[in-house]
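Okay, thanks everyone for squeezing me in. I'll put the structure up and then walk through a few spots in it.

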Amino acid sequence: MTSFDYVRLVLAETPLWAFAILALLVFLGVRRLKSRVRSLRLALIAPVAFLIWGLSNVAAYSQVHSPVIGGSTLIVMFAAGWASARLFSSETAERTAEGRFLFHGTPEPLITYVVVFAIRFGLEVWMGFEPAVAALAGGLAIGVTAFVAGRTAQRAFLLFAARRRALATI
């Protein structure tokens, strides 16, 4: 089999919903390239979505492998993502007079979303070609998703704290 044959096989066997998720992630990331005002509720969508995705991975992983390892990976990588957002993030937001937030445009979310999709897709393809690596690939998938959930949750937490401080001064 040639490399072209492998690519064609992978694309032919990829469900359409995977391409829809990629399109959604690119759309959401491109929207974050422009500065715009958003509510706190909208800022909570990404961390909740990635956390639910991570928990669903843990549930699936736990059926075949160890729930302790899956859950521990989720917790540790969520904490690592949280810490990394505190240390290394170019995303900034300012509170507006209406109680919303002005998010400054940045490529960071687009890059993050596309990289996470590429890693997760690559892990699924790897498991498809090498079923024996399912435990390792599943654990890595949980870790990647939990890491991004931690990063986005930390940002949402900071916004929530800023909102509470502003309400306390009124």
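**Salt bridges, a helix crossing and a small sheet**

So, let's start with a pair of charged side chains: aspartate 5 and arginine 8 make a salt bridge, and their closest N and O atoms sit 3.1 Å apart. One thing to keep in mind throughout is that this is a predicted model. The two residues are three apart in helix H1, which means about one helical turn lies between aspartate 5 and arginine 8. And how much of each can you reach from outside? Aspartate 5 has 22% relative accessibility, so it counts as partly exposed. Arginine 8 also counts as partly exposed, because its value is 49%.

In general, side chains of opposite charge can pair when their charged atoms come close.

How many salt bridges does a search of the whole structure find? Two. The other pair is arginine 151 with glutamate 108, where the closest N and O atoms are 2.6 Å apart. Here arginine 151 comes from helix H7, residues 134–168, and glutamate 108 from helix H6, so this salt bridge ties together parts 43 residues apart in sequence. Are these two buried or exposed? Arginine 151 counts as buried, because its relative accessibility is 15%. Glutamate 108 is buried as well, with a relative accessible area of 14%. The cut-off for buried is under 20%, in case you were wondering.

Okay, back to H1, and how it packs. The axis of H1, residues 3–13, comes within 12 Å of the axis of H6, residues 108–129, and the two cross at roughly 105°. So H1 is roughly perpendicular to H6. Which residues make the contact? On the H1 side you have Tyr6, Leu9 and Val10, and on the H6 side Phe121, Val125 and Phe129. Sort the residues of that contact by type and you get six nonpolar, no polar and no charged.

Next, the sheet. It's an open one with three strands, ordered S1-S3-S2, and the pairing is antiparallel. S1, at 36–38, and S2, at 93–95, are the edge strands with a single partner strand each, so each has one side without a neighbour in the sheet. From one strand to the next, the twist averages 30°. If you zoom in on S2 and S3, with S3 being residues 101–103, you'll find antiparallel pairing over three bridges. One residue to click on is glutamate 94, whose bridge partner in S3 is leucine 102.

Last stop is H7, with two residues I'd like you to look at. Alanine 146 lies in that helix, and it counts as buried because its relative accessibility is 1%. What does alanine 146 touch, leaving aside neighbours within four places in sequence? Leu74, Met77 and Phe78. For a sense of scale, alanine 146 and leucine 158 are 12 residues apart in sequence, and C-alpha to C-alpha they are 18 Å apart in space.

The other residue is arginine 155, also found in H7. Is arginine 155 buried or exposed? Buried, with a relative accessible area of 12%. Setting aside neighbours within four places in sequence again, arginine 155 contacts Arg32, Arg38, Ala43, Ala46, Glu91 and Phe103. Phe103 falls within S3, residues 101–103, and Arg38 within S1, 36–38.

That's my tour, so over to you for questions.

Notes
Residues numbered from 1 in each chain as written. Predicted model: local features only at pLDDT ≥ 70, side-chain atom pairs only at ≥ 80, totals over all residues. Heavy atoms only, no water. Axes fitted to C-alpha atoms, helices over the stretch in contact; angles between N-to-C directions. Helix = DSSP H or I, 4+ residues; strand = E, 2+ residues; numbered from the N terminus. Parallel < 35°, antiparallel > 145°, perpendicular 65-115°, else oblique. Contact = heavy atoms within 4.5 Å. Nonpolar A, V, L, I, M, F, W, Y, C, P; charged D, E, K, R; others polar. Salt bridge = Lys/Arg side-chain N within 4 Å of Asp/Glu carboxyl O. Buried < 20%, exposed > 50% of the residue type's maximum accessible area, 1.4 Å probe, protein only. Pairing = 2+ DSSP bridges.
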